[in-house]
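Reader: Please show me the chain, and then explain how the descriptions of it are justified.

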Amino acid sequence: MNIIDKNFSDVTVGLQETEVLNLSGMPLDMLLTQAADLRDRGHGPLVGYSRKVFIPLTQLCRDVCHYCTFAKAPKKLEAAYLNPDQVLAIARAGQKAGCKEALFTLGDKPELRYSTARKALEKMGYASTIEYLSAMAELVFRETGLLPHLNPGVMNSEEIAALRKVSVSMGIMLESTSPRLLQKGGCHFGSPDKDPLVRLETIAEAGRQNVPFTSGILIGIGETRRERIESLLALRDLYERYGHLQEIIIQNFRAKPDTLMADAPEPDLTELQWTIAVARIIFGPEMNIQAPPNLSQGCAQDLIAAGINDWGGVSPVTLDHVNPEAPWPHLDDLACDTASAGKLLVERLGIYPAFAGAGQTWLDPLFLAPVLSAIDADGLVRNDEWTPGDALVSLPQIPSTPGFISDGNFDRALDKALNGDDLNEHEICRLFAARDGEVGQITQAADNLRQKVCGDTVSYVVTRNINYTNICYFKCRFCAFSKGKMSENLRGRPYDLSLEEITSRARDAWDRGAVEVCLQGGIHPKYTGQTYLDILHAIKSELPDMHVHAFSPLEIQQGAQTLDISIGNFLGRLIDAGLGSLPGTAAEILDDEVRMNLCPDKLNTAEWFEVIDTAHRLGLKSTATIMFGHIDQPEHWARHLLGLRNQQKRTGGFTELVPLPFVHMESPIYLKGRSRCGPTWRETLLMHSIARLVLHPHIPNIQTSWVKLGQDGVAACLAAGVNDLGGTLMDESITRSAGSEHGQEMTPESMEALLAKSGRPSRQRTTLYADAHLERRAASFAQKA
């Protein structure tokens, strides 16, 4: 089999060394095609960069690389090291310019060569350059919030351990494994820290300590193509062993005046493309392959064609101190150049998305909360300050890059959804990855579909939420509503409403025009299935015409267990007692990979669907929900929606889907630094639209939550596929407990005013989407809260 036809679908593609070496004989166009295809499989249309500030802590170095102008002798420097004030001044300039990364670059252990360095360290009270670096990295983080990435050169295990505590990532360029380059006449002659074995041991030790790590090779410094391949294979071996390499840099040598290699030939574009393509084929689709844009200006399309997916760090503040002759491109220009190659420029942190999303493995606890708060569900930088429940932040605009055109995978997935064909997980994830102008395409498609299926009229229901207790013995890590038996933390004290109080609130709701009461609460340790039956009897005996929408699948499961009867038997008793429908809550994310961390003692995905399936087959309708934007990712959203779609195909019992963006402010999992701060606005908008597309034609109603999104958010969702505003609520407490500032009731007058402002007709409905009786509508407008 021709090597170019080999299946490269795995993360580590498994090419044997002899096969890789044969790549040197492959035509460049074939290599580029294969590399670009692999890159697209792993990264789609996105090309990343990190907005950084470059802090050259010291330019003293004990090595004498023949191409380097960064390292300088003491007599050419004003001081051996930047002092803390200088470091902070650079960092604060970066902070002001929107940088997220503080890149510390410095010479390798200069105190081992220069007395100047030793004396400077001693005067400042530090034993080594590494110790001073550690202190400055921590200072920058604590004073500015910038996330340190450290490039201090060769390190031992103790030094790596110390620096891991003050950084989110580190790096060292392998450059080359060729021992020839250490010999006299080679570019690394006289540079002990460029010994490949020493550098590989540093990289390996970083892997053993779970440090997100950057490495790569420098091409054009006297190595052969075969030696480049051998260097990349050495890095791949460490990657396969430890999984810690977050990017591979392919950097092209630039000749600089006043160096021993000033007249050395620079590698041309073909050599750079060849090396990038080979690196991509060696490492496979998932690895981040980077090439610095300032070292190949005007060649963005060529580098993207070769298989890169990242430009590395780009600074709007500081120059590239290693290559000062090569200015960084302006970010707007870089975005346009990237778009001209059919890709979208996206910002990341210094720690790459896959590592940021698994921070408990890869980060010191100091950085867990700051990193999670800075990223979206894809692990990229949050591009707005909006969060669900925050009434003070305006809705952000979705950015649009001139010249960016969506790819074929996006177009095919969107067309398939509009045709009513079922999307698979990969296609749904592609839609959730939409950014830039793609977002508008999705929202418009969803809204067109909404208009076709539901018309322009927007429904709502006059209802009252009655949360009968906030005492709960389950330990859902996101919940700010429930309280332990003796807890008075977070918002409010524990309570347990009497039957009389529950009935009184239901009667008040009826008098105010409600057609429904929605009953849910914590799982009180004293509650049994009989408690739920007693609640139903109390309400229905007083208000026989009131629809009772009550009891999540968790309450159903717990009630059946406490009575030692089957779920079907218990549901039958509830129906006989007057239960009208089930809220499809306790769903959160219907994927056990998430549930085991988010709500580990709650019913699992299969158990949730068992309750729902049984209820539907007994004739009970239910809603469906998805609570997103915490520790979940788009693949979990896709699986959740697919589970709902498949259930609806079997039983047809879901009346609507209610997307519930995670409100983080008072949530325990967020306060402990273990979750993101809710979905971004882009993700929230997409969830409503993509739910419309994925669930069509099976679930016709998509609802939006005014208590989480506020009126402006609701209005935007009305143009993105939504046809229902949910309930007036009267006494919402769960989202309010989590920190939402959008209130606890929206009156019918407010509902209809909002809809009129959006140019949409309105109607009051029942729980099951029939028109509310005229008498109920009149009562709802006659009574004031």
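Reader: What share of the contacts in the protein chain with a separation of 6 or more comes from residues 24 or more positions apart?

Author: The model is a predicted one. In it, 77% of those contacts join residues 24 or more positions apart. The secondary structure comes to 30 helices and 18 strands.

Reader: How do you know whether the radius of gyration of the protein chain agrees with that of a compact globule?

Author: A compact globule of 785 residues would have a radius near 28 Å, and the protein chain has 30 Å, so the value agrees. Along its principal axes the C-alpha trace spans about 95 × 60 × 50 Å.

Reader: Why is Cys472 called buried or exposed?

Author: Buried means under 20% relative accessible area. Cys472 has 12%, so Cys472 is buried. Of the 785 residues in the protein chain, 61% count as buried.

Reader: What makes Cys336 count as buried, exposed or partly exposed?

Author: The relative accessible area of Cys336 is 34%. Buried ends at 20% and exposed begins over 50%, so Cys336 is partly exposed.

Reader: How do you know how many disulfides there are?

Author: A disulfide is a covalent bond between the sulfur atoms of two cysteines. The rule asks for a pair of sulfur atoms within 2.5 Å, and by this rule the count is zero. For Cys336, the nearest cysteine sulfur is that of Cys299, 17 Å away.

Reader: Why is there no bond between Cys472 and Cys476?

Author: The sulfur of Cys472 is 6.3 Å from that of Cys476, its closest cysteine sulfur. The cut-off is 2.5 Å, so the two are too far apart for a bond.

Technical notes
Residues numbered from 1 in each chain as written. Predicted model: local features only at pLDDT ≥ 70, side-chain atom pairs only at ≥ 80, totals over all residues. Heavy atoms only, no water. Helix = DSSP H or I, 4+ residues; strand = E, 2+ residues; numbered from the N terminus. Rg over C-alpha atoms; globule rule 2.2 N^0.38 Å. Buried < 20%, exposed > 50% of the residue type's maximum accessible area, 1.4 Å probe, protein only. Contact = heavy atoms within 4.5 Å.
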